[in-house]
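Visitor: I would like to learn how to read the features of a protein model, beginning with its internal spaces. Could you take me through one?

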Amino acid sequence: MKILCVFGKHQYGDVARGIGTEYAAFVPALRRLGHDVIHFDSWDRSLHRDFWALNNALLETVFGERPDVMIAVQLNYEIWLETLTIIKERSDTATVCWTTDDSWKYREVSRFVGKAYHAMTTTYPEILPLYRRDGISHVLLIQWGANADTLMPPLPSKACVYPVTFIGAAHGNRSRRAARLKARGIPVACFGHGWPSGSVAASEIPEIMRNSLISLNFSNAKGGYQIKARTFEVPGAGGFLLTEYAPGLERFYSIGKEITVFHNMEELEQQIRYYLAHPYERDAIAKAGYERTLREHTYDIRLKQVIDCAIAAKACLCGERNREWG
């Protein structure tokens with residue numbers, strides 16, 4: 001099939017912030033599944049004169065390329081409702097929106113654009129009743145995943161280069177948390193936007209995670225704690241994940257056997273010191289987390305579900321219209 005991907009190539013459309021998660025993960029996964037992939041960058045403001053030009057270019061792409069499925073990720077309202085409605089009602093393309101941060105973004109974005117797509121996805125089970133309440137019926141509960149291109153078995157502890165690392169933007173209280181760990185004698189190396197070391201190339205991230213005795217993940221976000229893509233990327237790259245707990249995490253990994261968690265700074269420090277001192281336990285957990293990710297949590301698996309959902313939702317809508325017209 002021909003798949004049109006509508007989202008940014010770079011994080012938040014900013015080249016300086018490096019390749020974005022969606023582009024790095026979705027595009028190669030779709031190609032591995034055998035699809036012909038077209039990418040339309042809807043986040044980089046430098047590519048279009050204004051939002052009218054962006055939306056007009058998207059319509060030209062849809063009606064020129066005639067994709068079977070369009071997978072979009074919206075930052076806000078860069079894709080207009082009128083544009084989405086035209087695509088939904090006048091083209092043969094099945095449309096689906098992969099939502100991010102529905103803990104707060106449902107209220108601000110998802111509930112308004114939901115009816116303009118054939119299908120929506122969400123990573124928050126508690127948001128599903130809100131979709132139903134607002135008359136958005138075709139919603140797929142899904143989760144982030146690991147890029148199959150970066151899957152690598154774990155290294156033994158003795159072969160790792162870094163004791164403790166964190167990869168991600170230095171927003172919220174992350175800088176304060178990292179500073180506290182360093183003040184307590186824990187050598188944590190931080191990479192990403194806002195840290196002194198700056199952003200790292202997407203190709204380097206899996207190697208850093210694999211070469212770390214412990215890879216940290218902070219789950220804080222606007223609207224509450226959330227399961228992030230890093231939750232799957234670290235074990236998939238052969239890393240040992242120590243993540244801040246987020247509700248529902250146990251649906252995807254066995255805590256203490258495939259990944260480890262912390263709930264506060266005291267527990268974070270204790271966990272770091274424990275696993276640095278117990279390399280064999282660390283290695284066993286990293287191996288089990290990698291194997292679980294390989295079986296269940298790759299984007300190849302996730303995106304097949306997304307495509308199937310979009311096509312089924314479009315077929316359902318067509319069936320309803322045929323019944324109405326009949």
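Guide: Let us begin with a term: helices and strands here are DSSP runs, numbered from the N terminus, with at least four residues for a helix and at least two for a strand. Please keep in mind throughout that this is a predicted model.

Visitor: How should I think about a cavity, and how many cavities of 30 Å³ or more does the structure hold?

Guide: Rolling a probe the size of a water molecule over the atoms shows where empty space is left. In this structure there are two cavities of 30 Å³ or more; the largest encloses about 50 Å³ of space, and the second largest about 40 Å³.

Visitor: Which residues line the second largest cavity, and which element supplies the largest share of that lining?

Guide: The lining of the second largest cavity is made up of Thr165, Phe166, Ile167, Met209, Ser215, Leu216, Arg230 and Val234. Strand E7 (162-167), strand E9 (212-217) and helix H8 (230-236) each contribute at least two residues to this lining, and the largest share, three residues, belongs to E7. Sorted by class, the lining of the second largest cavity has five nonpolar, two polar and one charged residues.

Visitor: What lines the largest cavity?

Guide: Around the largest cavity you will find Gln74, Cys97, Thr99, Thr100, Lys105, Val109, Ser110, Val113 and Met120. Helix H4 (residues 102-113) gives the largest share of this lining, namely four residues, while the division by class is four nonpolar, four polar and one charged.

Visitor: E7 was named as a strand, so let me turn to sheets. In what order do the strands of its sheet lie, and is the pairing parallel or antiparallel?

Guide: Strands of a sheet pair through backbone hydrogen bonds, either parallel or antiparallel. Here five strands make up an open sheet, which reads E8-E7-E9-E10-E11 with parallel pairing. Strand E8 (188-191) and strand E11 (260-262) are the edge strands, each pairing on one side only, and from one strand to the next the twist averages 25 degrees. Within this sheet, E7 is joined to E8 by four bridges in the parallel sense, and Ile167 is placed opposite Phe191 in E8. Ile167 is also one of the residues that line the second largest cavity.

Visitor: Which strands form the open sheet of six?

Guide: That open sheet has the order E2-E1-E3-E4-E5-E6, and its pairing is parallel. At its edges are strand E2 (36-40) and strand E6 (139-141), each of which pairs on one side only, and neighbouring strands are turned against each other by 20 degrees on average, with direction ignored. For a closer look at one pair, take strand E3 (residues 69-72) and strand E4 (residues 94-98), which run parallel and are joined by four bridges; there Ile71 stands opposite Val96 in E4.

Visitor: Lastly, how do I read the angle between two helices, and at roughly how many degrees do the axes of H9 and H10 cross?

Guide: A crossing angle of 65 to 115 degrees counts as roughly perpendicular. The axes of helix H9 (residues 265-277) and helix H10 (residues 279-296) come within 5 Å and cross at roughly 100 degrees, and H9 and H10 are therefore roughly perpendicular to each other. On the H9 side the contact is made by Tyr274, Tyr275, Leu276 and Ala277, and on the H10 side by Pro279, Glu281, Arg282 and Ile285. By class, the residues of the contact of H9 with H10 are six nonpolar, no polar and two charged.

Conventions. Residues are numbered from 1 along each chain as its sequence is written. This is a predicted model: local features need pLDDT of at least 70, side-chain atom pairs count only at pLDDT 80 or more; totals for chains, interfaces and linings use all residues. Side-chain values use heavy atoms; hydrogens and water are left out. Axes are lines fitted to C-alpha atoms, for helices over the stretch in contact, and angles run from 0 to 180 degrees between N-to-C directions. Angles under 35 degrees count as roughly parallel, over 145 as roughly antiparallel, 65 to 115 as roughly perpendicular and the rest as oblique. Contact means heavy atoms within 4.5 Å. Ala, Val, Leu, Ile, Met, Phe, Trp, Tyr, Cys and Pro count as nonpolar, Asp, Glu, Lys and Arg as charged, and the others, Gly among them, as polar. On a 1 Å grid over the protein atoms alone, a cavity is a set of points where a 1.4 Å probe fits but cannot get out, and a pocket is an open set with protein on both sides within 12 Å along at least five of seven lines; lining residues have an atom within 4 Å of a point. Grid points are joined across faces, edges and corners, and a volume is the space filled by probe spheres set on the points. Two strands pair if DSSP finds at least two bridges between them.
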